[in-house]
Structure formats: C-alpha cells, structure tokens
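Welcome! Please take a moment to look over the sequence and the fold before reading on.

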Amino acid sequence: SRRNRGGIKVSVIPESGMNFGKYDEKDLFHIETSEIYKKLGDGIPTVEFILKYNENNIVFLEAKKSCPNVANRYESKEKEQKFEEYYGSITEKFISSLQIYLAAIMNRYQDTSEIGDNLRSVSNMKDVKLKFILVVKNAEDITWLAGPLAELRARLLKVRKIWGVEVVVLNEELAGEYNLTC
C-alpha cells in the first residue's frame, strides 16, 4: 500500500506471480490477511481479496498459477483426485468469502474497519453485481478457459441461483484488459 499524490491510499497485491491493482483501499477487503478471518480460526478457506469494482460490482478474486485441464481429469486416479481437490477448494473459497463478507456488512463482527469504506457501505444489494473471478496466470487461450468456467459454474449453481453471482475465469492477459492486474 502507498499513498498517491491525491492522498488516496492505493494497493498492489502480488499473488500467484501476478500483480493485482492499483486499487483504492476504500474499495478493498484483504480478507485472506484480515483479523476478521484470523479470528474465525482454521479451516475456512477464502479468496485472495474482495474488491468494489466499477461502481456496482463486488468481485471475489482468486488467483492461481495453473489449472488442471478438464479434458484430462479421468486419465488417472491421481489426476481425478487433484482435479477434485482444486475445484472443490476454489468453490469453497468463493462461498466462504461471500458469507464472511455478508456477515461483516450485516455487523456480525465487532470490528469491520478492515473492510474498505466503499465495500462496507453498500446500502442496496439489489443494485450490486456479485462476481466470482478466478484468474489463472498460465492458462492458454479463451477457448481453453471455457472448461474451467463450465466446471465452476456447475459447482456453484446453487449460490449462483440464490445470489445471482456471475462466475468468470480469466488468464493474466484478460485480467489486464479488465484492469485487474497492473
């Protein structure tokens, strides 16, 4: 984190060999390193961070260096197990992070000052678009990303229906085009 000339505190978040940012701290919740998260104890996985993005989007961002190929998942028992662990873990991170964030803005925790003001002061959730974004650094082209996207969409079907969450899978290049990386 550092302050720019306007006095706005901005952050760059290094994760999985990529640099995410530069984000205004008012738009950020560093959930993975937060006291809120630490006080919940072990066993609750979370995404890297939560971001208020372009006025009415709240992004739950998970970053990975690589991703198992959907086409190869049944080649061996070991591949199948790794595939299951990978997608099971990401699914759980997205769902837990959404619940922690919603609990926080509903004042379920003593201190929510770690959550950026613009994320904490969301007054009308019906106008907000929730997005679960997985950024895979070494993913191939857009057509290859369709496999992981379909897998996550299927696994997150219930939470997508209940909350209207959009699931997005990007590679590093696309994340740059959406100004998620710097």
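Here is a short guided tour of some helices, a few chosen residues and some backbone details.

## A word on the model

Please keep in mind that this is a predicted model.

## Helix H2

Let us begin with helix H2, which covers residues 77-105 and has 29 residues. From its first C-alpha to its last, H2 reaches 42 Å, close to the 42 Å expected at 1.5 Å a residue. Just after H2 comes Asn 107, where phi is positive, at about 60 degrees.

One residue to look up in H2 is Ser 97. Is Ser 97 buried or exposed? With a relative accessible area of 0%, Ser 97 is buried. Setting aside residues up to four places away in sequence, Ser 97 touches Ile 31, Thr 46, Val 47, Ile 50 and Phe 60.

## Helix H4

The next stop is helix H4, made of residues 142-155. H4 has 14 residues and spans 20 Å from its first C-alpha to its last, close to the 20 Å expected at 1.5 Å a residue.

Which residues of H4 are buried? They are Trp 144, Leu 145, Pro 148, Glu 151 and Leu 152. As for their partners, the buried residues of H4 pack against H2, strand S7 (129-136), strand S8 (166-171) and helix H6 (172-177).

## Where H2 meets H4

Two packed helices are described by the angle between their axes and the distance between the axes. For H2 and H4, the angle is about 55 degrees and the axes are 10 Å apart. That angle makes H2 oblique to H4. The crossing of H2 and H4 is right-handed.

Which residues make the contact? H2 brings Phe 83, Glu 84, Tyr 87, Gly 88, Ile 90, Thr 91 and Phe 94, while H4 brings Pro 148, Glu 151, Leu 152 and Arg 155. Sorted by character, the residues in this contact of H2 with H4 are six nonpolar, two polar and three charged. Pro 148, Glu 151 and Leu 152 may look familiar, since they were also listed among the buried residues of H4.

## Leu 119 and its surroundings

Now find helix H3, residues 117-120, which holds Leu 119. Leu 119 is buried, and its relative accessible area is 0%. How far apart are the C-alpha atoms of Leu 119 and Tyr 87? They are separated by 27 Å, with the two residues 32 residues apart along the chain.

Leaving aside neighbours within four places in sequence, Leu 119 is in contact with Lys 26, Asp 27, Leu 28, Phe 29, Ile 50, Leu 51, Lys 52, Ile 58, Tyr 101 and Ile 105. Ile 50 is a name to remember here, as Ser 97 touches Ile 50 too. Tyr 101 and Ile 105 fall within the residue range of H2, 77-105.

## Residues toward the end of the tour

Helix H5 runs over residues 157-163 and includes Ile 162. Ile 162 counts as exposed because its relative accessibility is 66%, above the 50% cut-off for that word. Ile 162 lies 24 Å from Ile 115, C-alpha to C-alpha, and the pair is 47 residues apart in sequence.

Tyr 178 sits in the segment after H6. At 45% relative accessibility, Tyr 178 counts as partly exposed. Apart from neighbours within four places in sequence, Tyr 178 is in contact with Tyr 53 and Leu 170.

## Backbone details

Most residues other than glycine have a negative phi, and most peptide bonds are trans. With that in mind, a few places deserve a look. Which residues does a cis peptide bond join? The bond is between Gly 21 and Lys 22, with omega about 0 degrees. Lys 22 belongs to strand S3, residues 18-24.

Ser 16 is not a glycine, yet Ser 16 has a positive phi of about 50 degrees. Ser 16 is found in the loop between strand S2 (9-15) and S3, and at 17% relative accessibility Ser 16 counts as buried. Asn 54, also not a glycine, has a positive phi of about 45 degrees. The loop between strand S5 (49-53) and strand S6 (57-64) is where Asn 54 lies. Asn 54 is exposed, with a relative accessible area of 54%.

Conventions:
Residues numbered from 1 in each chain as written. Predicted model: local features only at pLDDT ≥ 70, side-chain atom pairs only at ≥ 80, totals over all residues. Heavy atoms only, no water. Helix = DSSP H or I, 4+ residues; strand = E, 2+ residues; numbered from the N terminus. Expected span 1.5 Å × (residues − 1). Axes fitted to C-alpha atoms, helices over the stretch in contact; angles between N-to-C directions. Parallel < 35°, antiparallel > 145°, perpendicular 65-115°, else oblique. Left-handed = near helix turned anticlockwise from the far one by under 90°. Contact = heavy atoms within 4.5 Å. Nonpolar A, V, L, I, M, F, W, Y, C, P; charged D, E, K, R; others polar. Buried < 20%, exposed > 50% of the residue type's maximum accessible area, 1.4 Å probe, protein only.
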